[in-house]
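The exercises below are meant to be worked through with the sequence and the model open side by side. Each one sets a task and then gives a solution in steps.

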Amino acid sequence: MSKKFNFRIWRGDSKSGDFKDVQVEVNEGEVVLDVIHRVQATQMSDLAVRWNCKAGKCGSCSMEINGKPRLACMTRMNSFEEGETVTVTPLRAFPVIRDLVTDVSYNYKKAMEVPAFEPPADLQPGEYRMAQVDVERSQEFRKCIECFLCQNTCHVIRDHEENKESFSGPRFFIRMAELDMHPLDTIKNRKQMAQEEHGLGMCNITKCCTEVCPEHIKITDNAIIPMKERVVDVKYDPLRWLGSKIRKKEGI
Amino acid sequence: MSQAMERYSYDVVVIGAGGAGLRAAVEARQAGLSVAIICKSLFGKAHTVMAEGGAAAAMGNVNDNDGWKVHFRDTMRGGKFLNNWRMAELHAKESPDRIWELESWGALFDRTKEGKISQRNFGGHEYPRLAHVGDRTGLELIRTMQQRIVALQQKDKKEFGDAEKFIKVFSELTITEILKEGDRVSGAYGYWRESGDEVLFESSAVVLATGGVGKSFKITSNSWEGTGDGHALALKAGSALVDMEFVQFHPTGMVWPPSVRGILVTESVRGDGGVLTNSEGRRFMFDYIPEVFKDKYADNEAEADRWYKDQNNNRRPPELLPRDEVARAINSEVKAGRGSPHGGVFLDVSSRLPAEEIKRRLPSMWHQFKELADVDITEEPMEVGPTCHYVMGGVKVDPDTAAAVGVEGLFAAGEVAGGMHGSNRLGGNSLSDLLVFGRRAGAGAAAYVKSLAQKPKVSDGEISRAKNRLNAPFSGTGGENPYTLHQELQNLTQDLVGIIRTESELTDAIVKLDSIRDRSTRVRADGGRAFNPGFHLALDLENMLLVSESIAKSALARKESRGGHTRDDYPKMDSEWRQYNHLSRWNGSKVEVAPEEALMLPKELLELFELDELKKYFTQGELAKGGM
């Protein structure tokens with residue numbers, strides 16, 4: 001039942017590296033991560049790869065497979081032709097640590113810069129009342145498994161290290177949208193923060209992030225565009241601009 | 001040979017960054033202490049993320065007959081009364097507060113029509129009790145806790161100018177040793193996975209929150225992290241493990257294709273109406289309702305189906321029996337030749353709910369089967385079979401403070417702790433367990449640290465002992481491959497210490513484990529120290545071996561069947577055996593298992609049950625005394 005495949009695996013560290021070719025047996029139903037594990041157990045015992053759940057739930061085994069950002073545990077081997085060469089490389093937007101493992105600390109740094117949920121001060125635990133329809137929008141974004149594939153594919157930073165300072169990336173735009181749409185969050189200027197402090201304006205809506213999201217979150221349509229529209233509304237509508245100067249009512 | 005050693009000092013070191021560890025860290029920080037959070041993988045990836053169905057808490061949002069007493073009763077029944085009653089009591093009483101607290105930290109659970117947290121049905125729970133978010137509740141829990149840690153760090157940054165002044169997360173770091181001065185904890189020792197460099201933590205209190213042991217078995221729903229690290233650390237530090245024979249095989253894991261074998265299929269599928277059938281199309285669970293549960297479960301399909309609409313006037317469908325019962329039933333059906341093509345049984349929700357409803361309630365199941373098995377669960381049944389899911393046994397702790405017995409300054413919470421679930425855990429009781437006892441462990445550790453007049457010291461002898469062990473996989477001359485040994489261990493436990501056990505197989509297992517352990521002293525890691533999975537596995541292997549030995553020896557000692565321990569040669573539950581727990585200790589060269597008298601319930605908790613029910617579990621002599 002097993003088929004033979006050629007795997008080209010990038011091996012190296014932050015200083016140097018190269019592709020190594022291996023021939024591997026592949027059994028029915030296997031995914032790329034199974035094959036990498038077999039290579040580890042039989043041919044390269046020190047091959048570095050991150051993984052945890054092997055069920056598409058933890059977002060650890062992100063890598064590039066034939067140049068596409070993917071979860072190795074959710075990439076079926078039957079999506080390739082027998083005899084085809086499968087090329088496996090580390091995520092390009094982040095510095096390599098070793099082999100297929102990259103330094104994703106950029107994302108944790110950005111997470112630290114998003115102000116946390118702030119509930120109404122007088123609302124006691126147990127007293128929260130929210131309608132299902134009102135939490136659903138934020139729930140979509142909370143499906144995020146932090147695989148960082150969207151960050152990796154986003155061309156604002158993929159080949160532009162210099163943009164990382166001022167750009168938080170799609171993962172954190174949906175985090176900001178999630179909090180912005182949370183029925184009980186009291187911080188009212190999240191969209192403006194996204195625009196001014198997190199580089200929302202640098203996104204030019206090519207939807208690459210949405211395409212690679214393994215959770216099928218509509219990052220661009222449901223988070224980025226609605227935030228951009230509201231920011232633009234308030235920034236460029238002279239009446240609303242004046243209003244915001246006169247009354248410090250609800251921010252954006 | 002060994003690298004320059006980093007040195008840190010914290011009030012509390014929490015090993016494990018799943019639900020329990022993070023909740024413990026929050027509590028210790030709120031008590032004003034500094035906390036190191038150690039995660040073996042990246043922050044937010046811990047196994048908690050895989051929990052699907054929900055967190056059990058008697059909030060009474062869907063059925064207001066629910067309350068802590070009902071939840072307590074269900075938990076004790078599920079555990080066949082071997083649970084530590086005090087843990088079960090604390091858990092039932094405190095779970096609602098722990099869930100509500102999550103909301104105030106940003107969690108967004110599914111809602112009822114009144115806007116409260118929705119609660120779903122689950123095996124063994126009398127009323128709808130599981131707070132949930134579709135079938136990805138664990139993700140919501142871990143993300144909320146992760147974001148709570150970040151929120152506390154943000155506050156510290158604002159107030160003190162340093163986000164890591166009180167809480168620092170050490171990602172991809174593995175602890176290999178608990179350090180002690182006399183009987184007291186003085187620190188922990190480990191290595192960065194990324195570089196292989198060694199790290200020393202000086203700390204008077206260590207909270208173990210390392211989760212489970214599933215990776216000792218071949219077919220498991222656990223991730224690679226479930227290597228029993230905390231269980232082994234506690235054993236070697238001089239503490240004891242309780243009731244390690246009880247291992248939960250979740251009845252519904254995927255069975256096909258082979259590469260996904262063991263991946264969990266949430267119990268919510270059954271809670272939301274899914275039924276189990278064999279190759280003859282029969283709903284076989286009606287044939288497996290045990291005597292102790294006969295008055296609580298429907299004996300015909302019509303009543304079982306009515307229950308989904310009207311729970312007050314009908315008995316529950318037998319698909320929702322506790323997990324141990326369902327797993328054994330599936331095992332029997334397959335053995336009797338009535339299994340599905342790939343050695344499981346059928347679980348069907350497609351004929352029970354409209355396609356859109358299935359996708360809304362069970363989105364990740366739909367996704368998982370579609371992408372990994374080419375099965376559309378809205379159109380056809382799934383094939384499922386038992387998978388190693390959870391260990392009920394674990395570190396013996398004081399229920400109120402989560403302090404581990406035998407070692408001052410050591411605490412344990414979550415799956416690594418034992419006692420709470422008795423011989424079998426109910427679905428949904430794990431997520432609430434993490435929160436309730438994670439908080440208690442954090443508070444227990446904080447109180448202990450504050451009570452100390454002097455901080456125990458780390459001696460050079462302790463450091464060199466830890467160093468030697470860490471370096472062994474590179475200095476050994478033998479050529480044993482860690483991957484091969486791991487595979488042999490997994491096959492052995494699966495075949496000989498698995499869901500159905502016998503004396504001869506367990507005896508055989510203990511001999512074979514000994515031989516694998518002997519070979520493991522000659523295990524060798526190829527390559528360098530930087531992010532080397534072979535090196536990591538070589539070190540994890542010892543933990544899995546210790547845990548497996550503890551399970552096999554405890555299982556051999558218990559001559560009855562109860563919960564997550566089924567003996568083919570002693571197939572009945574025996575009230576005499578309820579009076580004993582098994583304690584595993586490490587004597588320096590092997591695990592020793594000895595019985596210890598189990599606690600009797602106090603009178604006021606015993607009175608929550610009908611006498612007729614108690615008679616099924618307790619001896620006449622025990623009942624005559626009328627409780628503790």
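**Exercise 1. In this predicted model, find which residue just after α8(B) takes a positive phi, and describe the helix that precedes that residue.**

Step 1. The residue to find is G337(B), which follows just after α8(B) and takes a positive phi of about 85°.

Step 2. Going back along the chain, helix α8 of chain B covers residues 323–335, and its 13 residues reach 18 Å from the first C-alpha to the last, close to the 18 Å expected at 1.5 Å a residue.

Step 3. The buried residues of this helix include R323(B), D324(B), E325(B) and E333(B), and also V326(B), A327(B), A329(B), I330(B) and N331(B).

Step 4. Among the elements of chain B that cover these buried residues are the strands β13 (247–254), β14 (275–277), β15 (345–348) and β16 (382–391), together with the helix α6 (268–271).

**Exercise 2. Describe α4(B), and decide whether it is largely enclosed or largely open.**

Step 1. Helix α4 of chain B runs over residues 137–160, which makes 24 residues, and its reach of 34 Å from first C-alpha to last is close to the 34 Å expected at 1.5 Å a residue.

Step 2. Because 19 of the 24 residues of α4(B) are buried, the helix is largely enclosed by the rest of the structure.

Step 3. Just after α4(B) comes G161(B), which takes a positive phi of about 80°.

**Exercise 3. Work out how chain B and chain A meet, beginning with how many residues of each are in contact.**

Step 1. On the side of chain B, 62 residues are in contact with 60 residues of chain A.

Step 2. The two chains bury about 5,000 Å² between them, and 54% of this area lies on carbon and sulfur atoms. Within chain B, the residues that lose the most area to chain A are K45(B), L108(B) and F531(B), which together make up 14% of what that side buries.

Step 3. Turning to polar and charged pairs, there are 40 residue pairs in polar contact between chain B and chain A, counting pairs with both residues at pLDDT 80 or more. Five salt bridges are found across the interface, and one pair that forms a salt bridge is R76(A) with D374(B), whose closest N and O atoms are 3.3 Å apart.

Step 4. Four helices of chain B, namely α3 (85–104), α4, α10 (363–373) and α15 (533–557), each supply at least two residues of the side that touches chain A. The largest share of that side, ten residues, comes from α4(B), and by class the side has 25 nonpolar, 19 polar and 18 charged residues.

**Exercise 4. Decide whether E101(B) is buried or exposed, and find what this residue touches.**

Step 1. The residue E101(B) lies in helix α3 of chain B.

Step 2. Its relative accessible area is 13%, and because buried means under 20%, E101(B) counts as buried.

Step 3. Leaving aside residues up to four places away in sequence, E101(B) touches P125(A) and R23(B).

Step 4. Although E101(B) and L435(B) are 334 residues apart in sequence, their C-alpha atoms are 9.9 Å apart in space.

**Exercise 5. Give an outline of chain A, starting with how many helices and strands it has.**

Step 1. Chain A has ten helices and seven strands, and its C-alpha atoms fill a box of roughly 70 × 40 × 30 Å along the principal axes.

Step 2. Of its 252 residues, 56% count as buried.

Step 3. Among the contacts in chain A with a separation of 6 or more, 63% are between residues 24 or more positions apart.

Note on methods: Residues numbered from 1 in each chain as written. Chains lettered and ligands numbered in written order. Predicted model: local features only at pLDDT ≥ 70, side-chain atom pairs only at ≥ 80, totals over all residues. Heavy atoms only, no water. Expected span 1.5 Å × (residues − 1). Buried < 20%, exposed > 50% of the residue type's maximum accessible area, 1.4 Å probe, protein only. Contact = heavy atoms within 4.5 Å. Buried area = accessible area lost by both parts, 1.4 Å probe. Salt bridge = Lys/Arg side-chain N within 4 Å of Asp/Glu carboxyl O. Polar contact = N/O pair within 3.5 Å; in protein donor to acceptor, adjacent residues only side chain to side chain. Nonpolar A, V, L, I, M, F, W, Y, C, P; charged D, E, K, R; others polar.
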